[in-house]
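Reader: I've got this one open in my viewer and I'd love a close look at a single part, the side-chain pairing of opposite charges. Could you take it slowly and then work outward to whatever sits around it?

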Amino acid sequence: QVQVVESGGGLVQAGGSLRLSCAASGSIFSINAMGWYRQAPGKQRELVAFITSGGSTTYADSVKGRFTISRDNAKNTGYLQMNSLRPEDTAVYSCTAWAVIITTKKESRYWGQGTQVTVSS
């Protein structure tokens, strides 16, 4: 019913930038919140950034001042601008969206497949 697709990952040198996109599609009435998580090899998945429908944001301490989350409600798309990247930012980044479906008007959480971000030193 709802598909979430991330894009924009890749290989970048330390100090560089990447912009991730998260496009939600399907039988969407509205998206209440969106978030980005990441998981590095051998580590637990962690929240990177979160944005509400009203635009309020939350960031992990490790990315504050370097990453910016935003969204385009008209396009049901979220973004994660990542600047001053560090090798420790290397991980699979996954997008999640809390979407309300047209038919049921109920909110459910949906996940994308993830996109690899690799930062070389």
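**Charged pairs and their surroundings**

Author: Let's start with Lys64 and Asp61, whose side chains meet in a salt bridge with 3.1 Å from N to O. Keep in mind that what you have on screen is a predicted model. Asp61 has a relative accessibility of 64%, so it counts as exposed, the cut-off being over 50%. In general, side chains of opposite charge can pair when their charged atoms come close. The whole structure holds four salt bridges, so there is a bit more to look at.

Next up is Arg66, which forms a salt bridge with Asp89; the closest N and O atoms are 2.8 Å apart. This pair links distant parts of the chain: Arg66 is in the loop between strand E6 (57-59) and E7, Asp89 is in the loop between E8 and E9, and 23 residues separate them. Are these two buried or exposed? Both Arg66 and Asp89 are buried. For Asp89 the relative accessibility is 1%, which is why it counts as buried, that label meaning under 20%.

The pairing carries on from there. The side chain of Arg38 meets that of Glu46 in a salt bridge, at 2.6 Å from N to O. Arg38 is at 5% relative accessibility and therefore buried, whereas Glu46 has a relative accessible area of 32%, so it is partly exposed. Through shared partners, salt bridges tie Arg38, Glu46, Arg66 and Asp89 into one network.

Now stay on Asp89 for a moment. Its place is the loop between strand E8 (77-82) and strand E9 (91-101). The side chain of Asp89 has a polar contact with the side chain of Arg38, at 2.9 Å. A polar atom of the Asp89 side chain also lies 2.8 Å from the backbone nitrogen of Arg86. Which residues does Asp89 touch, once those up to four places away in sequence are set aside? They are Arg38, Arg66, Phe67, Ser84, Val117 and Val119.

One of those contacts, Ser84, is worth a click for its backbone. Ser84 is not a glycine, yet its phi is positive, at about 50°. Ser84 also lies in the loop between E8 and E9. With a relative accessible area of 40%, Ser84 is partly exposed. If you like checking phi values, go to Asn76 too, where phi is near 50°, again a positive value in a residue other than glycine. Asn76 is in the loop between E7 and E8, and its relative accessible area of 23% makes it partly exposed.

Another contact of Asp89, Phe67, takes us into the nonpolar part. As a general rule, in soluble globular proteins nonpolar side chains tend to be buried together. Here the largest nonpolar core has 32 residues, and the ones touching the most other members are Val4, Trp36, Val48, Phe67, Leu80, Met82 and Tyr93. At least two residues of this core come from each of E1, strand E3 (18-26), strand E4 (28-39), strand E5 (46-52), E7, E8, E9 and strand E11 (115-120). E9 gives the largest share, six residues. Val48 brings the charged and nonpolar sides of the story together: beyond its neighbours within four places in sequence, its contacts include Arg38, along with Trp36, Phe67, Leu80 and Tyr93.

Last stop, the sheet. Four strands form an open sheet in the order E1-E3-E8-E7, with antiparallel pairing. Strand E1 (2-7) and strand E7 (67-72) are at the edges with a single partner strand each, so one side of each has no neighbour in the sheet. On average, neighbouring strands here are turned by 15° against each other, direction ignored.

Want to check the register? E1 and E3 run antiparallel and are joined by six bridges, and Val2 stands opposite Gly26 in E3. E3 and E8 also pair in the antiparallel sense over six bridges; there, Leu20 has Leu80 in E8 as its bridge partner. E7 and E8, antiparallel too, are joined by six bridges, with Thr68 opposite Gln81 in E8. And that closes the loop on Asp89, which lies in the loop between E8 and E9.

Technical notes:
Residues are numbered from 1 along each chain as its sequence is written. This is a predicted model: local features need pLDDT of at least 70, side-chain atom pairs count only at pLDDT 80 or more; totals for chains, interfaces and linings use all residues. Side-chain values use heavy atoms; hydrogens and water are left out. Buried means under 20% relative accessible area, exposed over 50%, partly exposed in between (1.4 Å probe, protein chains only). A polar contact is a pair of N or O atoms within 3.5 Å; within protein, one must be able to donate a hydrogen and the other to accept it, and residues adjacent in sequence count only if both atoms are side-chain atoms. Contact means heavy atoms within 4.5 Å. Two strands pair if DSSP finds at least two bridges between them. Axes are lines fitted to C-alpha atoms, for helices over the stretch in contact, and angles run from 0 to 180 degrees between N-to-C directions. A nonpolar core is a set of buried Ala, Val, Leu, Ile, Met, Phe, Trp, Tyr and Cys residues joined through side-chain atoms within 4.5 Å.
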